[in-house]
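Reader: I should be grateful for a close look at one part of this structure, namely its salt bridges. Please then place that part in its wider setting.

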Amino acid sequence: MPERRRIPSLPDRLPDRLTALRTPADPGFWRSPVRGARFTAVLGLVLLVGLTLVFVTGLLSYAAYNPDLDPVNDKTPDKAWLGFYLFAWPTGPHWLYRLTQGLHVTVGIVLVPVLLAKLWSVIPRLFALPPARSVGHALERISLLLLVGGALFEFLTGLLNIQLDYLFPGSFYTLHFYGAWVFLAGFVTHVALKLPQAVRVLRAGIPRGEPGPHAAPGTRTEADTTTAPDTLAAPDPLPATLTRRGALAMVGAGSLLLLVTSAGRSFDGPLRRIALLTPRGGTEQGPGPNAFQVNKTAAAVRITPADTGERWRLTVRGPAGELRFSRAELLAMEQHSAALPIACVEGWSTSDQLWRGVRLSDLAALAGYPDSPPDVFVESLQRSGSFRKAALRDNQVRDGRSLLALEVNGAPLSPDHGYPARIIVPAAPGVLNTKWVETLTFGEL
């Protein structure tokens with residue numbers, strides 16, 4: 001007699017239907033066995049160290065622009081007390097900005113998988129009801145909103161800036177500056193609220209005791225039961241296909257891949273050739289003394305041969321009056337050399353290039369400051385775009401390596417590198433190394 005197939009009764013089918021009807025506010029809706037307090041705590045510790053480094057190097061980058069020197073250097077109106085940490089940016093070591101901004105951008109890129117994994121690990125709490133159970137809980141939720149919103153905004157705008165895709169409204173400089181302070185408010189508050197709990201969780205070690213790949217759903221080990229209830233762990237987890245350690249390894253592998261394919265734009269050697277994820281890496285610049293990276297070409301800013309030809313003159317202003325020099329007259333002056341890199345806010349930098357030209361301090365002496373060179377205001381032939389004008393501090397003018405460069409690597413500057421003359425200053429952001437210089441005004445700014 002054929003075997004009769006049992007039709008599930010309504011009570012048998014009810015749990016499945018109830019599961020299907022669960023909403024994100026129900027803890028049972030989230031069933032990944034990977035989520036857990038220690039998994040989240042490990043990611044949080046990495047972010048605590050990494051984001052602190054990113055924020056500190058971001059502040060250093062802001063200080064490197066000398067934003068309190070002249071309004072042209074600062075694109076953040078009404079900064080008020082947010083500029084309290086400013087100091088005179090030094091000129092040594094000459095690779096300082098290359099290091100700090102390279103770290104800022106590289107660490108930010110490497111943290112992307114960690115940030116996404118951390119947000120994924122705590123997403124059930126985003127839907128938790130009621131939204132606030134107490135004043136402390138409400139403060140935590142508000143800090144979380146500032147933290148998550150600020151972090152996503154900073155990472156998104158930063159990555160777009162690295163790729164030179166300015167899809168956001170307004171100035172990147174302004175948006176990124178104020179977004180950083182919003183992020184910091186949430187970051188500090190969240191760390192103060194959650195760090196003690198994370199430390200308690202991490203004292204038990206890195207994630208272990210999780211169900212193996214073939215363990216039954218809901219399996220718990222002794223390591224799981226020796227701690228307080230894990231509110232991030234799924235109450236009804238699906239069968240495990242990946243351990244928590246395995247998940248952390250995947251996040252680490254993603255970060256390592258991003259490191260290898262992006263860090264080379266800040267270093268010399270083989271890594272530069274495989275920096276495929278950044279515009280200033282992974283491509284050959286061509287042969288010749290001028291074959292190194294540029295941030296913008298002469299054609300892009302509409303600099304023509306007529307602008308830089310025989311009629312070009314450098315105007316130098318100061319107490320001695322207004323002086324004008326041709327390129328030939330500048331070449332006839334005492335020439336000095338300096339091996340310096342160019343390092344830009346997007347995180348890319350060149351290796352040291354050998355520049356040759358007239359010291360800014362010598363030009364300051366001609367302008368009427370023979371003993372104590374002051375600040376200088378630099379203007380470019382470029383007629384539009386950001387940082388066509390820039391101010392340099394007196395300590396930058398005094399440094400013997402600060403040049404009005406006329407040659408690089410034994411050859412005249414190419415049009416893309418600023419012919420007929422450009423500024424080169426040790427440890428300064430690339431945008432302050434003004435190209436196609438037209439006017440130098442020495443004196444109090």
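Author: The model is a predicted one, and a suitable place to begin is the contact between Arg398 and Asp394. The side chains of these two residues meet in a salt bridge, with a distance of 3.3 Å from N to O. Both residues belong to helix H13, which spans residues 394-398. Because Arg398 and Asp394 lie four residues apart in H13, about one helical turn separates them.

The surroundings of this pair may be described through accessibility. Arg398 has a relative accessibility of 42%, so this residue counts as partly exposed. Asp394, at 29%, is likewise counted as partly exposed. The limits behind these words are simple: a residue under 20% is buried, one over 50% is exposed, and one in between is partly exposed.

A search of the whole structure finds seven salt bridges, and two others may be set beside the pair in H13. In one of them, the side chains of Arg317 and Glu322 meet at 2.9 Å, again from N to O. Arg317 is partly exposed at 32% relative accessibility, and Glu322 is partly exposed at 49%. In the other, Lys79 is joined to Asp74, and their closest N and O atoms are 3.3 Å apart. Here the setting is a buried one: Lys79 has a relative accessibility of 16% and therefore counts as buried. Asp74, with 13%, counts as buried also.

Arg317 leads to the strands. Strand S1 covers residues 314-318 and runs parallel to strand S10, residues 437-442, with three bridges joining them. Within this pairing, Val316 stands opposite Leu440 of S10. Strand S10 is also joined to strand S5, residues 376-380, by five bridges, and these two strands run antiparallel. In that second pairing, Val378 stands opposite Leu440. Leu440 thus has Val316 facing it in one pairing and Val378 facing it in the other.

The nonpolar residues complete the setting. The largest nonpolar core contains 40 residues, and those with the most contacts inside it are Leu43, Leu51, Trp89, Leu111 and Trp181. Several helices supply at least two residues each to this core, among them H2 (37-64), H5 (135-162), H6 (172-202) and H8. The largest share, 10 residues, is that of H2.

Trp89 deserves separate attention. When neighbours within four places in sequence are left aside, the contacts of Trp89 include Leu60, Ala63, Leu96 and Tyr97. Arg393, Asn395 and Ala427 are also among the residues in contact with Trp89. Of these, Asn395 falls within the range of helix H13, residues 394-398, which brings the account back to the helix of the opening pair. A second core, separate from the one just described, has 31 residues and includes Ala298, Leu363, Leu381 and Ile423.

Nonpolar residues are found on the surface as well. Leu256, Leu259, Val260, Phe267, Leu271 and Ile274 form a nonpolar patch there, with about 480 Å² of accessible area together. Helix H8, residues 244-260, gives the most to this patch, namely three residues. Leu259 is found in H8, and with a relative accessible area of 34% this residue is partly exposed. Helix H8 therefore contributes both to the surface patch and to the largest nonpolar core, of which it supplies at least two residues.

Technical notes. Residues are numbered from 1 along each chain as its sequence is written. This is a predicted model: local features need pLDDT of at least 70, side-chain atom pairs count only at pLDDT 80 or more; totals for chains, interfaces and linings use all residues. Side-chain values use heavy atoms; hydrogens and water are left out. Two strands pair if DSSP finds at least two bridges between them. A salt bridge is a side-chain nitrogen of Lys or Arg within 4 Å of a carboxyl oxygen of Asp or Glu. Buried means under 20% relative accessible area, exposed over 50%, partly exposed in between (1.4 Å probe, protein chains only). Patches are made of residues with over 30% relative accessible area and no salt bridge: like charges are joined within 9 Å, nonpolar side chains (Val, Leu, Ile, Met, Phe, Trp, Tyr) within 5 Å. Accessible areas come from the Shrake-Rupley method with a 1.4 Å probe; for residues, only the protein chains shown count as cover. A nonpolar core is a set of buried Ala, Val, Leu, Ile, Met, Phe, Trp, Tyr and Cys residues joined through side-chain atoms within 4.5 Å. Contact means heavy atoms within 4.5 Å.
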